[in-house]
Amino acid sequence: MEKILLISNMYPSKKYKHYGVFVQNTASILKNNGYQVDVSALKKKDSKLGKLGGYLSFYIKSIFLCLFHRYDYLYAHYISHCALLIKIIKKLKPSIKVIVNVHGNDVVPEDAHDEKFIPLVKSTLPLIDLCIVPSSYYQKVMMEQYGLNEDKIKIFPSGGINFDVFQEIENAKEKLHLDPNKKCIGYIGRYEKRKGWEVFLKAISLLENVKQYQIVMVGVGEDEEKANALIQEYHLENVIKKYPMQTQKELALFYSAIDIFCFPTYRKSDSLGLVGLEAMACGCIVIASNMAGPTSYIKNQENGFFFKPRDGKDLNQKIEDILSMNEHQIKEIKDHAYQTAKAYDVNDISQNLVDIFNGI
């Protein structure tokens with residue numbers, strides 16, 4: 001049995017249940033297909049001290065596992081924060097095959113903090129045997145900005161969609177104590193920079209007769225207090241229902257209750273945007289920023305809608321447009337969206353990841 005050491009600075013925790021879940025999904029796929037997978041991963045920390053201790057523990061555990069076990073593959077997610085580990089492990093175990101899975105601002109920096117890791121990333125890439133990317137958008141990034149040959153890049157969409165979990169659930173609104181006769185508009189994501197939560201709130205604040213709709217927001221994050229303040233500023237305290245981040249199974253219930261799902265991120269590092277696909281699988285109509293990952297699968301006015309990034313007024317207009325659509329139009333969009341999500345079914349694409357490992 002071939003053995004894999006998976007390392008990542010992103011992994012789900014009790015508080016951040018959705019954070020790095022795609023990393024966990026890839027580990028499960030490989031385990032289910034006969035590989036022995038040991039995981040050394042850092043879960044999200046809130047404080048600087050917690051992050052420092054977490055990284056120290058993460059590095060020590062990864063090196064310890066490498067020293068005292070034999071591995072055929074080193075599978076590293078999020079290269080910028082694993083680059084030094086890759087170099088150390090490759091020096092300790094020169095024969096190990098290195099596969100990196102890039103995801104976001106590890107290779108597409110959003111700010112000066114991200115930029116400082118790019119030289120380290122570039123110096124590490126010559127050590128790798130293969131680079132896995134979530135989308136054609138990121139394949140282009142790795143070829144054009146990092147000079148990787150196309151034969152060193154494989155596309156695998158971040159673990160795919162588990163249709164055993166993400167499926168439309170009957171009576172979802174009632175189960176969440178929402179009014180089944182009111183349209184529900186929702187945001188699911190972290191309260192962080194460039195995730196677009198403030199764009200969503202702007203759009204909701206502009207809705208005509210907003211009280212006739214149900215607005216839900218699901219998530220946690222360092223900017224949550226800023227979000228609460230903006231909700232008060234827009235006088236939406238009695239309109240918006242906020243929930244903490246949920247497990248994947250719980251998220252499926254929220255997606256099923258939401259009629260219009262807003263994906264307002266304006267991060268150029270959003271490599272795919274699994275939340276959009278999860279929402280499609282559960283029967284939502286998705287409105288996404290017209291940039292980055294979602295452009296890989298959304299076809300405007302066919303299986304979803306685009307709005308101008310960072311433009312709350314345009315998002316509001318798209319919401320209003322959907323609210324005015326008839327049932328036939330809604331069903332047609334939903335059917336196309338479901339078929340799009342189905343192309344990412346984990347049961348269909350799992351073999352792709354196995355083939356990637358088998359082909360090295």
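# Loops, cores and cysteines

Reader: Which loop holds Arg 194?
Author: Arg 194 belongs to a loop flanked by β7 and α8 (197-205). This is a predicted model, in which local features need pLDDT of at least 70, side-chain atom pairs count only at pLDDT 80 or more, and totals for chains, interfaces and linings use all residues. Residues are numbered from 1 along each chain as its sequence is written, and side-chain values use heavy atoms, leaving out hydrogens and water. With elements taken as DSSP runs numbered from the N terminus (helices H or I, at least four residues; strands E, at least two), your answer is the loop between β7 and α8.

Reader: What is the phi of Arg 194?
Author: Most residues other than glycine have a negative phi. Arg 194 is not a glycine, yet its phi is positive, at about 70°.

Reader: And His 177: is it buried or exposed?
Author: His 177 also has a positive phi, near 60°, and it's in the loop between α7 (172-175) and β7 (184-188). The cut-offs are under 20% relative accessible area for buried, over 50% for exposed and partly exposed in between (1.4 Å probe, protein chains only). At 68%, His 177 is exposed.

Reader: How many disulfides does a search of the whole structure find?
Author: A disulfide here is a pair of cysteine sulfur atoms within 2.5 Å. For Cys 66, the closest cysteine sulfur, in Cys 82, is 13 Å away, so a bond is out of reach. Cys 284 isn't in a disulfide either, with the sulfur of Cys 282 its nearest at 6.5 Å. The disulfide count for the whole structure is 0.

Reader: What is the relative accessible area of Cys 284?
Author: Cys 284 is one of the residues that Tyr 255 touches, as are Phe 166 and Ile 188, not counting residues up to four places away in sequence; contact means heavy atoms within 4.5 Å. Cys 284 is buried, with a relative accessible area of 1%.

Reader: Which residues touch the most other members of the largest nonpolar core?
Author: In soluble globular proteins, nonpolar side chains tend to be buried together. A nonpolar core is a set of buried Ala, Val, Leu, Ile, Met, Phe, Trp, Tyr and Cys residues joined through side-chain atoms within 4.5 Å. A set of 65 makes up the largest one, and its top contact-makers are Tyr 75, Ile 188, Tyr 255, Phe 261 and Phe 357.

Reader: Which residues are included in the second core?
Author: That core is separate and has 34 residues. Among them are Trp 197, Leu 207, Phe 307 and Ile 319.

Reader: What radius of gyration does the protein chain have?
Author: The value is taken over C-alpha atoms, and the globule rule is 2.2 Å times the number of residues to the power 0.38. For 360 residues, a compact globule would come out near 21 Å. The chain agrees with that, at 21 Å.

Reader: How far apart are the end C-alpha atoms of residues 169-329?
Author: UniProt, in an unreviewed entry, lists this span as "domain: Glycosyl transferase family". UniProt positions follow the numbering used here, feature names are shortened, and annotations may be inferred rather than shown by experiment. The span is 35% helix and 16% strand, and its end C-alpha atoms are separated by 21 Å.
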